[in-house]
Amino acid sequence: MKLLIILTCVVIFGCTKVDEANITNEFTPLNVVCMNNVLSRASGTFPDGTEIGVYVSDGMPGQGYNGKSYNNIKATVKGGELVFPEKIMVNSTPAKIYAYYPYRENVPDPWNMPINTLALPNFLAGKVEDVSFSNSNVILEMRSVFTIMRVKIRNYASTPYSTIKYATLQNGLNYTNLCIKGYFDLRFCHVMGDVDTSPHVVRYNAPSGGYQLTSYYPADESAIDILVFPFTIYSSQLFFTAVFSSGNHRTFQVPAGRWEAGTVNTYNLTVTR
C-alpha cells in the first residue's frame with residue numbers, strides 16, 4: 001500500500017523523484033544460523049530438533065513483516081540452522097528477528113513473558129536487525145537472560161569445616177532487587193524482576209554428600225552456582241551465607257557492582273575462623 005501511494009503522488013503532481021535503486025519487490029528466503037551461548041559449564045550448539053520461538057517484524061515483535069503475521073513461529077534446529085514451517089521471504093524492507101528458547105505454544109504478550117530461574121534456568125533470547133534482500137543469511141546468537149553468582153570456597157580455619165550443607169544468597173534489610181521471578185521483554189531481550197512476588201532469599205542445596213571444602217579453591221565445575229536476574233548491587237545490600245554440616249555458618253558481604261545478563265560473576269571466599 002505504501003508503494004502505491006508513492007507512485008500515485010508521482011503521477012499526479014510530478015514533483016517527487018523516486019530513486020528506483022532503493023525500491024525493490026524482489027524477495028529472497030530468510031536463512032538463519034542459530035548459535036547457542038548458554039550459562040552452563042559446557043556451552044554448545046543446539047541439538048537437532050530443538051524448538052525455538054521466532055518473531056519476524058519490521059518493527060516490534062508481534063507487528064508482522066510486509067503485511068504478514070510472522071508471530072511466535074515454531075522454528076526447529078537442523079544442522080545448526082533454523083527450519084521454518086514455511087519459507088520466510090524478505091525484500092528491501094528492513095526486518096528484525098526476535099527469538100527465544102524454549103518455545104512456548106501460547107505467548108499472549110511477547111513484551112511481557114513470565115519467567116523464573118528455577119523453572120526455566122536455560123531461558124535464552126536473541127535478536128538480529130537489518131535483515132533484508134541483500135542481507136538474508138544471518139547468524140542468530142541466543143544468550144542467557146540471567147546471570148550467575150559463582151562461589152569458590154576454601155577452608156583456612158583451624159576448625160575442620162569440611163562440608164557445606166547448603167548456602168543462601170539474600171537481600172539486606174530494605175532491599176528487594178535480588179529476584180529469581182519476573183518478566184521477559186522480547187523487544188529488548190531484557191528481564192524485569194517482580195520485586196513484589198519474587199523470593200529475596202535464594203537457596204543453594206548441596207549435592208548428596210555435601211559441598212566438600214579443602215584448602216584450595218575448586219574448579220569451575222565444582223563451584224557453587226546461583227542463578228538470578230541481572231541487577232545492580234549496592235553497598236551492604238547482598239549477603240552470601242554458607243551453612244556447614246556441623247550447623248555453624250559463615251556470612252560474606254558481596255561488594256557493590258553490576259551483574260549483567262549472560263555473565264558469570266566469580267567470588268573466591270576463604271573461611272578463616
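**Close-up views of strand pairing, cores and aromatic contacts**

**View 1. Strand β7 and its two partners in the predicted model.** In β7, Tyr-100 is the bridge partner of Gly-53. This pairing belongs to the antiparallel contact between strand β3 (residues 51-57) and β7, which are joined by five bridges. Strand β9 (residues 124-131) also pairs with β7 in the antiparallel sense, here over six bridges. Ala-99 stands opposite Gly-126 of β9. Strand β7 (residues 95-101) is mostly covered, with five of its seven residues buried. Tyr-100 also joins Phe-123 and Phe-184 in one aromatic cluster.

**View 2. Strand β22 beside strand β11.** Strand β11 (residues 147-155) runs parallel to β22, and eight bridges pair the two. Within this pairing, Ile-153 stands opposite Leu-269 of β22. In a regular strand, side chains alternate between the two faces of the sheet. Strand β22 (residues 264-271) shows such an alternation: Asn-265, Tyr-267, Leu-269 and Val-271 point to one face and are buried. Val-264, Thr-266, Asn-268 and Thr-270 point to the other face and are not buried.

**View 3. The largest nonpolar core.** This core holds 29 residues, of which Ile-153, Leu-169, Ile-224, Val-228, Phe-240 and Trp-259 touch the most other members. The elements that give two or more residues to the core are β11, β12 (163-171), β15 (201-205), β17 (224-228), β18, β19 (238-244), β20 (249-254) and β22. Strand β19 supplies the largest share, four residues. When residues up to four places away in sequence are not counted, the contacts of Ile-153 include Ile-164, Tyr-211, Leu-213, Ile-224, Phe-240, Ala-242, Leu-269 and Val-271. A second, separate core of 25 residues includes Phe-46, Ile-52, Tyr-65 and Ala-75.

**View 4. Strand β12 and its pairing with β15, β16 and β19.** Seven bridges pair β12 with β19 in the antiparallel sense. In β19, Phe-244 is the bridge partner of Ile-164. Strand β15 is also antiparallel to β12, and five bridges connect them. Here Tyr-166 stands opposite Asn-205 of β15. The pairing of β12 with strand β16 (residues 211-212) is antiparallel as well and consists of two bridges, with Thr-163 opposite Gln-212.

**View 5. Arginine side chains over tyrosine rings.** Arg-203 lies over the face of Tyr-166, at 3.7 Å from the ring centre. The charged end of Arg-154 sits over the ring of Tyr-156, 4.3 Å from its centre.

**View 6. The aromatic pair of Phe-231 and Trp-259.** A pair of aromatic rings is described by the distance of the centres and the angle of the planes. The model contains seven aromatic pairs. In the pair shown, the ring centres of Phe-231 and Trp-259 are 5.5 Å apart and the planes meet at 80°, so the arrangement is edge-to-face. Because Phe-231 lies in strand β18 (residues 231-233) and Trp-259 in strand β21 (residues 257-259), the pair ties together parts that are 28 residues apart in sequence. Phe-231 is buried, with a relative accessible area of 4%. Trp-259 likewise counts as buried, at 1% relative accessibility.

Methods
Residues numbered from 1 in each chain as written. Predicted model: local features only at pLDDT ≥ 70, side-chain atom pairs only at ≥ 80, totals over all residues. Heavy atoms only, no water. Phe/Tyr/Trp six-rings, centres within 6.5 Å; stacked < 30°, edge-to-face > 60°. Buried < 20%, exposed > 50% of the residue type's maximum accessible area, 1.4 Å probe, protein only. Lys NZ or Arg CZ within 6 Å of the ring centre and 35° of its normal. Pairing = 2+ DSSP bridges. Core = buried A, V, L, I, M, F, W, Y, C linked by side-chain atoms within 4.5 Å. Contact = heavy atoms within 4.5 Å.
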